[in-house]
Amino acid sequence: MAVLRWQEVRRQAADPGLLLMLLGTAVALGAFVLYPALRVLTYPTLRDYLGIPHSLRWLQAARNSLIMMVLSTATATGVGLIFAFAVTREDMPGRRLFRTLALLPLFAPPFMVAFAYILLFGRQGLITRGLLGLDVNIFGWPGLWLVQTVAFFPLAMLIIAGVLESIAPSLEQAARNLGADEWAALRSVTLALARPGVAGAMLVVAISVLADFGNAVLIAGGFPLLATEAWFRMEGMGDLTGAAVVVAMLLVPTTALFFLERYWVSRRLYVTVTGRGTRLDRPPLPAPLRAALVAVCALVSLLVVLVYLGVVAGAFTAVWGRDWSLTFDHWHLAWERAGTLLTSLKIGALAGAITAVVGVVAAFLTSRAVPLRRALDFLAVLPGAMPGVFVGVGFVLAFNRTPLGGTPWLVALALAFWHLPMGYQAAAARLRQIERAIEEAAMNLGAGGVRVLLDVYVPLLLRGLVEAFAVSFIRAVTNVSIVVFLVAPGTMVATFVILGLIQSNTWGAAAALTTMLLAVTFAAVGLTGLAVGRALRGQPVG
């Protein structure tokens, strides 16, 4: 076996096109993943790291981050579990609508939930002040807890729903036939089998909560967190060393959770389908449980819809909290900054293209016996463990004094390689579904490695390429945690400008520009759907 493997390695290494592709990918991953990470970790001295226990501010930020991680993860996963259970039951009223509404926060900029809830539930809030006459202070950890729960429960729902859908209805039916009542069958079969999915969802949500910058910077108030402390250190105090120390502290729990999530999710067996073609329906839900699910899903869906309604209403209100009359003045102010929206689109398109291309090439290389295969695989998934603020500080330290500094390329490269794990893992999963005999036939006809990739795999991976581009594009256009560190006068993007408008209390213009950004995002989603449809029509069958 070892001899055959060595012969395969020699055969692959003898292909000059493949070798060039391998060298280029290794250099790119080394330059834009490994090097910025090492710059962050090595920029502070050992003395700076030893000073961490003596900084009460940093210790408080670390403690607060862990507290918010526990609180928000528990509630977001709990709500995600309820939603996942509801939308996967055939007799649940309105389940498709609830699923669609639950996904809406994933398309919004990361600060949008906090911004909308300040407009609705803050001291000048439409609901708390305008309708109920209450004086409510939403800033601080309770407001952040609510916002992070609404912002991240869709992630938990998607993961848990995938697990619940894989559970064969026949298992629950069998439990009922053996004498278990409705509640016992749900508890001992369905929910018991969903435990690995719940654990995986908790890990993903915990990473997202720890790394959340957009919501925290708006609503946390005087509640210090590691993700926001790095930005305040760099932007407010010009303390690069302090910022590097803080993001290095943040990297420890996120990396541990990331690799625990990869180990747990990839090593556990979720698929429990044993029916081999049976089409049994799931048993109907008990009426009280169905009513409770409808009530919870309706309440949470209302909180999600209010996010969008609050922002759109803010764009048309004269003076939020004092003059509720209709106006279009904010749109004029927002239109003057629409150029930043165009910059966001250019950088997002560039980042999406880089993510899709590098992700497919890296997945193609790691699917065969080439030198550095395991190193490439590690570097391609490593950015998934890095919070956005860590990547932002890393690119500042690594490239700000190079010709890339202050250019759109620097922002696009940072966003592209931060989102690389998504494109890489999607391409790798699709590659595993393609029969290697197709490649062997092409190689027997004289095709080299590059020709095999372009003529065999790229057409078969077209749908994955388009989806990876679209998701990376949307996340790049709505990103805040990286761009706040990298923007320069020539690279002002919409999210950074919106953040500045909110912090200067220019809420109307911020809401109008956010609405424009949302329109662009949903247009991109629609165009992606059309592109995927065209790609599928061109796919070979069988």
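Colleague: Which residues are linked in a network of salt bridges?

Modeller: In this predicted model, the network of salt bridges links Arg 57, Glu 229, Arg 233 and Asp 239.

Colleague: Why is the contact between Arg 57 and Glu 229 called a salt bridge?

Modeller: The N to O distance between the two side chains is 3.0 Å. The cut-off is 4 Å between a side-chain nitrogen of Lys or Arg and a carboxyl oxygen of Asp or Glu, so the pair qualifies. The two residues lie in distant parts of the chain, 172 residues apart: Arg 57 belongs to helix H4 (residues 56-87) and Glu 229 to helix H13 (residues 226-237).

Colleague: How do you know whether Glu 229 is buried or exposed?

Modeller: Its relative accessibility is 3%. Buried means under 20%, and therefore Glu 229 counts as buried. Its partner Arg 57 has a relative accessible area of 39%, which falls between the limits of 20% and 50%, so Arg 57 is called partly exposed.

Colleague: How many salt bridges does a search of the whole structure find?

Modeller: The search finds six. Among them is the pair Asp 91 and Arg 290, with an N to O distance of 3.3 Å. This pair also links distant parts of the chain: Asp 91 is in the loop between H4 and helix H5 (95-103), whereas Arg 290 is in helix H15 (residues 287-316).

Colleague: What makes Asp 91 and Arg 290 partly exposed?

Modeller: Asp 91 has a relative accessibility of 26%, and Arg 290 has one of 25%. Both values lie between 20% and 50%, so each residue is classed as partly exposed.

Colleague: Why does the contact of Arg 99 with Glu 165 count as a salt bridge?

Modeller: The closest N and O atoms are 3.2 Å apart, which is within the 4 Å cut-off, so the term applies. Here Arg 99 in helix H5 is joined to Glu 165 in helix H8 (residues 141-166), 66 residues away.

Colleague: Why is Leu 131 called exposed?

Modeller: Leu 131 has a relative accessibility of 63%. Exposed means over 50%, so the label follows. Leu 131 is in helix H7 (residues 126-131), and together with Leu 132 and Leu 134 it makes a nonpolar surface patch of about 320 Å².

Colleague: How do you know that the span of helix H24 agrees with its number of residues?

Modeller: Helix H24 (residues 462-477) has 16 residues, and at 1.5 Å a residue the expected span is 22 Å. Its end C-alpha atoms are 22 Å apart, so the two values agree. Buried residues in H24 include Gly 464, Leu 465, Phe 473 and Val 477.

Note on methods: Residues numbered from 1 in each chain as written. Predicted model: local features only at pLDDT ≥ 70, side-chain atom pairs only at ≥ 80, totals over all residues. Heavy atoms only, no water. Patch = residues over 30% accessible without salt bridge, like charges linked within 9 Å, V, L, I, M, F, W, Y side chains within 5 Å. Areas by Shrake-Rupley, 256 points an atom, 1.4 Å probe, with all protein chains shown as cover. Helix = DSSP H or I, 4+ residues; strand = E, 2+ residues; numbered from the N terminus. Buried < 20%, exposed > 50% of the residue type's maximum accessible area, 1.4 Å probe, protein only. Expected span 1.5 Å × (residues − 1).
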